[in-house]
Structures are given as structure tokens and as C-alpha cells.
Amino acid sequence: MTKEKKIENVLRMLGVNGAYMGYYYMAYALGRVMEDRMLITYISKGLYVEIAAKFHTSVACVERNLRTVVQVIWNYGDKELLEEMAGKKLEKRPGNSEFIDIVSGYLKDKWEKEA
């Protein structure tokens, strides 16, 4: 299974699907942050710009659609799985960068253990 498919499967397990444009943005963001952890430190001036260019949209659209994905997972998805990935109880909805950091870190650790 490719890295992209594994990322998409995790997003689906968390409770979001391809009906949301942000799903594709999030899948791409997770893959990129797994490749380069420094992208998380300058998310709005680096990662969002890269996603916007790839998908031919605006940075504001990227930010909003990613926020929607996080909100859908928080309100309707598998919060227990997200907390397991975070390694702690989450008292409030994570922001985009926190969510990307949690999930990309979890996936990177999981795949390194499998290798």
C-alpha cells in the first residue's frame, strides 16, 4: 500500500472522507510534513502556500478547508483514535497545525516501527 493510501485510510478511520476538499489538502499536508517536519513550524507561509499552488486555490481556502476537516473529526469522528494518536486526552479541538503534528507524528512513528 502506498504512503498516500495509508494516509487516506487514517483520515477515513478518523471520520472524514473525500466529500470534503480539505480531505485532499490534509492528506497532502500530512505526507509533506512526514517528509519534512520543519514545514509544521512555518505552516501558513510554507505548507499552506505549497498546498494552494498544488491544488490551484488560495491560501485562505486551504486554511478554511483544513479547519473544516479538523472540526468534522472533532464533532463527528473518532475522537478516541485522535486522542490515542496524541497520546493524551484532548480538552479542546486542536488547531490545524496541532492536528497535522499529531497525525503525521503518529503515522511516522507507526511506519518506522513497521520497517
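Let me start in the loop between helix H3, residues 43–55, and helix H4, residues 59–76, where histidine 56 is placed. This is a predicted model, and in it histidine 56 has a positive phi of about 55 degrees, although the residue is not a glycine. Is histidine 56 buried or exposed? With a relative accessibility of 74%, histidine 56 counts as exposed, because the cut-off for that word is over 50%.

From that loop I would like to step back into H3 and look at isoleucine 43, which has its place in that helix. Isoleucine 43 has a relative accessible area of 12%, and therefore it counts as buried, the limit being under 20%. If we leave aside residues up to four places away in sequence, isoleucine 43 touches Tyr48, Ser97 and Ile100. For orientation, tyrosine 28 is 15 residues from isoleucine 43 along the chain, and the C-alpha atoms of the two are separated by 13 Å.

That brings me to the packing of H2 on H3. The axes of these two helices come within 10 Å and cross at roughly 125 degrees, which means that H2 is oblique to H3. As for the handedness, H2 passes H3 in a right-handed crossing. Which residues meet across this pair of helices? On the H2 side they are Met21, Tyr24, Tyr25, Tyr28, Ala29, Arg32 and Val33, and on the H3 side they are Leu47, Glu50, Ile51, Lys54 and Phe55.

Within that set I would single out arginine 32, found in helix H2, which covers residues 21–35. The side chain of arginine 32 makes a polar contact with the side chain of glutamate 50, at 2.5 Å. Apart from residues up to four places away in sequence, arginine 32 touches Leu39, Leu47 and Glu50, and of these, both Leu47 and Glu50 are listed among the H3 residues that meet H2.

Let me now turn to the interior. The largest nonpolar core has 37 residues, and those with the most contacts inside it are Leu11, Leu14, Met26, Leu82, Phe99, Ile100 and Val103. Two or more residues of this core come from each of helix H1 (3–14), H2, H3, H4, helix H5 (79–86) and helix H6 (96–114). Which element gives the most to this core? It is H2, with 8 residues. Methionine 26 serves as an example of the contacts involved, since, not counting residues up to four places away in sequence, methionine 26 touches Leu11, Leu66, Val69, Val70, Phe99 and Ile100. Ile100 is thus a residue that we have already met, as a contact of isoleucine 43.

Finally, I come to H5 and its partner H1. At the N-terminal end of H5, aspartate 78 acts as a cap, with a side-chain oxygen lying 3.3 Å from the backbone nitrogen of glutamate 80. Just after H5, glycine 87 takes a positive phi of about 75 degrees. Between these two points, the buried residues of H5 are Leu81, Leu82, Glu83 and Met85. The axes of H1 and H5 come within 8 Å and cross at roughly 125 degrees, and the two helices are therefore oblique to each other. In this pairing, Val10, Met13 and Leu14 of H1 meet Leu81, Leu82 and Met85 of H5, and I would note that Leu14 and Leu82 also appear among the core residues with the most contacts.

Conventions: Residues numbered from 1 in each chain as written. Predicted model: local features only at pLDDT ≥ 70, side-chain atom pairs only at ≥ 80, totals over all residues. Heavy atoms only, no water. Helix = DSSP H or I, 4+ residues; strand = E, 2+ residues; numbered from the N terminus. Buried < 20%, exposed > 50% of the residue type's maximum accessible area, 1.4 Å probe, protein only. Polar contact = N/O pair within 3.5 Å; in protein donor to acceptor, adjacent residues only side chain to side chain. Contact = heavy atoms within 4.5 Å. Core = buried A, V, L, I, M, F, W, Y, C linked by side-chain atoms within 4.5 Å. Axes fitted to C-alpha atoms, helices over the stretch in contact; angles between N-to-C directions. Parallel < 35°, antiparallel > 145°, perpendicular 65-115°, else oblique. Left-handed = near helix turned anticlockwise from the far one by under 90°.
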